[in-house]
Amino acid sequence: MNQCDRIRLILKENRLKQRQLANEIGVTESYISMLLKKPDINLSQSLASLIEEKYGYNADWVLHGTEPKLKQISKNKTLSELHQKALTQLEKMSDEQVKAVLAFINSLDELEKALASGSGTRAAKKKDCT
C-alpha cells in the first residue's frame with residue numbers, strides 16, 4: 001500500500017470528501033487530488049501529524065505505512081471512566097461496526113456545526129421581531 005492508497009483509505013474510512021480533508025489540514029483540494037494521483041509526491045511530516053491529531057492515524061503509517069495504523073493512546077493520559085468503557089467497547093467491535101460509530105460521530109459534528117450556524121440566524125430573527 002502506497003501513500004496514495006493510505007490517503008484514499010483515510011477518506012473512505014472517515015467518509016470524507018477531498019474538500020473536507022483539505023479544509024481540516026489547511027491545504028487545497030487540488031493538493032489532495034495530486035496526493036491521490038501521484039505516488040511520488042510526499043506528504044510533509046507536519047501534515048501527517050495534523051492527520052494524526054484530527055483522525056487518529058499514526059503519522060508514520062500515513063507517511064511510510066509503518067504499523068500501527070492508528071495512534072496509540074498514551075498510558076499516562078487519564079481517561080474518564082466513561083471514555084474507558086467506550087474504548088473497551090470499540091476494541092471488541094468489527095471494522096464495519098467501528099466505521100458505523102465513526103459515521104455517527106461525524107454526523108454529530110455536522111449537526112453541531114449546522115445548529116451553531118443556525119443559532120446566529122435565529123437570534124437575529126428574534127431581535128427583528130421585538
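1. L16 is buried in this predicted model, its relative accessible area of 17% falling under the 20% cut-off for burial. The residue belongs to the loop that runs between α1 and α2. Leaving aside residues up to four places away in sequence, L16 touches I10, L11, L21 and Y55. A further spatial relation links L16 to N106: the two are 90 residues apart in sequence, while their C-alpha atoms are 9.4 Å apart.

2. R15 occupies the loop between α1 and α2, which is also the place of L16. R15 is exposed, at a relative accessible area of 61%, whereas L16 is buried. The backbone of R15 deserves inspection: phi is near 50 degrees, a positive value in a residue other than glycine.

3. As to the overall fold, the protein chain contains 7 helices and 0 strands. Its pattern along the sequence is therefore written α-α-α-α-α-α-α. Of the 130 residues in the chain, 23% are buried. Among contacts with a separation of 6 or more, 44% are between residues 24 or more positions apart.

4. The largest nonpolar core comprises 22 residues. Within this core, L21, I32, L43, I51 and V62 have the most contacts. Two or more residues come from each of α1 (3-13), α2, α3 (29-37), α4 and α5 (59-64). L21, listed among the core residues with the most contacts, is also one of the residues touched by L16.

5. V62 is a residue of helix α5 and is buried, with a relative accessibility of 0%. With residues up to four places away in sequence set aside, V62 touches Q3, R6, I7, I10, L43, A48, I51 and Y57. Two of these partners, L43 and I51, are named with V62 among the core residues with the most contacts. V62 and Q45 are 17 residues apart along the chain, and their C-alpha atoms are separated by 9.3 Å.

6. What does L43 touch, not counting residues up to four places away in sequence? Its partners are Q3, I7, Y31, L35, A48, I51, V62 and L63. Q3, I7, A48 and I51 appear in this list and also in that of V62. The contact between L43 and V62 joins two of the core residues with the most contacts.

7. K38 lies in the loop between α3 and α4. Its relative accessibility of 42% classes K38 as partly exposed. K38 and Q3 are 35 residues apart in sequence, with a C-alpha to C-alpha distance of 9.2 Å. Q3 is also touched by L43 and by V62.

8. The largest pocket has a volume of about 1800 Å³. Of the 37 residues in its lining, Y55, G56, L90, L102 and I105 are the closest to the centre. Y55 is also a contact of the buried L16. By class, the lining has 14 nonpolar, 8 polar and 15 charged residues.

9. Which helices supply at least two residues each to the lining of the largest pocket? They are α2 (18-25), α4 (45-55), α6 (81-92) and α7 (95-129). The greatest contribution is that of α7, with 10 residues. Both α2 and α4 also give two or more residues to the largest nonpolar core.

10. Helix α6 can be checked against its expected length. Its 12 residues should span 16 Å at 1.5 Å a residue, and the end C-alpha atoms are 17 Å apart, so the two values agree. The number of buried residues in α6 is 0, and the helix therefore lies largely in the open. This same helix supplies at least two residues to the lining of the largest pocket.

11. A cis peptide bond between E67 and P68 merits a separate check, with omega at about 5 degrees. P68 is placed in the loop between α5 and α6. This loop thus follows the helix that holds the buried V62.

Conventions
Residues are numbered from 1 along each chain as its sequence is written. This is a predicted model: local features need pLDDT of at least 70, side-chain atom pairs count only at pLDDT 80 or more; totals for chains, interfaces and linings use all residues. Side-chain values use heavy atoms; hydrogens and water are left out. On a 1 Å grid over the protein atoms alone, a cavity is a set of points where a 1.4 Å probe fits but cannot get out, and a pocket is an open set with protein on both sides within 12 Å along at least five of seven lines; lining residues have an atom within 4 Å of a point. Grid points are joined across faces, edges and corners, and a volume is the space filled by probe spheres set on the points. Helices (H or I, at least four residues) and strands (E, at least two) are DSSP runs, numbered from the N terminus. Ala, Val, Leu, Ile, Met, Phe, Trp, Tyr, Cys and Pro count as nonpolar, Asp, Glu, Lys and Arg as charged, and the others, Gly among them, as polar. A nonpolar core is a set of buried Ala, Val, Leu, Ile, Met, Phe, Trp, Tyr and Cys residues joined through side-chain atoms within 4.5 Å. Buried means under 20% relative accessible area, exposed over 50%, partly exposed in between (1.4 Å probe, protein chains only). Contact means heavy atoms within 4.5 Å. The expected span of a helix is 1.5 Å times one less than its number of residues.
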